[in-house]
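Me: I'm new to this one, so could you take a close look at the aromatic rings and how they pair up? Please tell me how far I can trust the model, too.

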Amino acid sequence: MSTTKKIAGAVLVAALGVTTLSACGGGDAKDETAGTSDAPKSKTVTLVSHDSFNVTEAVLKEFEQQSGYTVKVLKSGDAGAALNQEILTKGSPRGDVFFGVDNTLLSRALDNGIFTPYEAKGLADVKPEYVLDKEHRVTPIDSGDICVNYDKAYFADKKIAPPQTLDDLTKPEYKNLLVVENAATSSPGLGFMLASVGKYGEEGWKDYWSKLKANGVEVVDGWEQAYNERFSGSAGGKKAKGDRPLVVSYASSPPVEVLYGEPQPAEAPTGVATGTCFRQIEFAGLLKGAKNEEGGKALVDFLISKKFQEDMPLQMFVNPVTKDAALPELFTKHGVVVEKPENVTPETIAKNREQWVKAWTALVVK
């Protein structure tokens with residue numbers, strides 16, 4: 001979830017009052033934003049990432065011991081900011097591998113030529129629908145779905161069925177119930193706008209937003225405010241006395257509410273409207289001009305290994321992309337499977353993103 005993510009899950013944890021994912025009990029990847037490694041340069045491989053990258057310490061240590069490389073993680077803000085820095089340093093990158101570019105930003109990264117093609121070992125185990133670059137300049141690492149979440153208690157108390165589709169959100173019974181993030185300033189906000197583009201097409205998405213606006217949709221700057229302040233179903237929203245029982249968040253939000261609930265509930269207090277979703281896919285790529293290209297290749301291989309793919313869901317609250325990776329029970333019991341998320345090709349997004357966001361802003365915000 002660029003994130004991005006979504007995008008994605010690490011922000012959910014912060015919103016529930018957990019400052020780092022080390023609170024899960026597994027430990028963090030080494031964030032060496034400041035300082036230098038004691039290991040020789042040839043044995044250090046640097047991963048440049050958005051702030052939400054995380055891996056269990058034991059899993060990372062196993063890779064380091066088997067490969068002989070020491071991993072340095074350089075966290076660089078959100079996905080868009082991190083990508084901008086790599087474009088500005090093209091040819092003289094700050095690291096060897098970049099992780100976190102998603103399908104909403106992919107064409108921009110590829111058009112700027114910041115990656116060296118590399119067909120990762122284990123790529124055959126990645127589900128083919130996630131392999132969007134046939135030249136293998138990037139490798140799919142995770143996926144997540146941006147979806148409307150609902151407060152189960154609110155709809156049970158009101159004896160109203162929660163919405164399930166984008167069309168439902170325009171109906172009178174859901175008037176003044178939905179809060180969304182600004183598409184110009186928020187990754188989930190942009191993803192939700194793209195869901196409407198995917199569903200209704202170039203001719204219909206603006207009309208859809210006109211209906212949402214008439215039905216009382218509320219727009220806030222970002223996910224933190226929407227989910228942790230305005231949404232009545234989250235732990236943070238309850239504390240803040242949020243009064244919107246519908247929010248744009250992630251399909252992985254309900255498992256997070258269970259994991260960090262105090263006391264931990266037997267059932268997730270929130271649900272997912274599976275007909276409202278946009279799928280995010282995050283990628284990693286070997287940076288052109290990498291000082292340690294061989295180490296970078298080994299690191300990309302590791303990111304699609306079964307060990308990392310099965311560790312990832314409870315570290316970053318995203319889904320694995322390989323065929324044999326099993327989801328943890330928390331996801332299978334409290335999460336949902338989104339069978340038919342909306343999609344828009346990276347090329348179409350790259351061509352239209354700026355004008356779509358401007359049109360959305362003029363229509364919904366101004």
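Reply: Let's start with trust: pLDDT is the predictor's confidence in each residue, from 0 to 100. This is a predicted model, and its chain averages a pLDDT of 89, with 89% of the residues scoring at least 70. Residues 1–28 stay under 50, though the model still gives them 102 contacts beyond four places in sequence. Residues 30–40 are also below 50, and that stretch has 21 contacts beyond near neighbours in sequence. Where pLDDT is low, don't read the predicted coordinates in detail.

Now for the rings. The count comes to 14 aromatic pairs. Take F192 and W209: their ring centres are 5.7 Å apart and their planes sit at 85°, and because an angle over 60 degrees counts as edge-to-face, that's what this pair is. F192 is buried, with a relative accessible area of 1%, and W209 is buried with 1% as well.

F317 and F331 meet another way: their centres are 6.4 Å apart and their planes at 15°, so they're stacked. This pair ties together distant parts of the chain, 14 residues apart. F317 lies in the loop between α12 (313–316) and β10 (319–320), while F331 belongs to helix α13 (residues 329–334). F317 is buried at 0% relative accessibility, and F331 is buried at 7%.

Rings can also gather in a group: F53, F63, F99, F302 and F308 are linked by ring pairs into a cluster. And a ring can have a charge for company, as with Y69, where the charged end of K43 sits over the ring, 5.3 Å from its centre.

Definitions and conventions
Residues are numbered from 1 along each chain as its sequence is written. This is a predicted model: local features need pLDDT of at least 70, side-chain atom pairs count only at pLDDT 80 or more; totals for chains, interfaces and linings use all residues. Side-chain values use heavy atoms; hydrogens and water are left out. Contact means heavy atoms within 4.5 Å. Rings of Phe, Tyr and Trp (its six-membered ring) pair if their centres lie within 6.5 Å; planes under 30 degrees apart count as stacked, over 60 as edge-to-face and the rest as tilted. Buried means under 20% relative accessible area, exposed over 50%, partly exposed in between (1.4 Å probe, protein chains only). Helices (H or I, at least four residues) and strands (E, at least two) are DSSP runs, numbered from the N terminus. A charge sits over a ring if NZ of Lys or CZ of Arg is within 6 Å of the ring centre and within 35 degrees of the ring normal.
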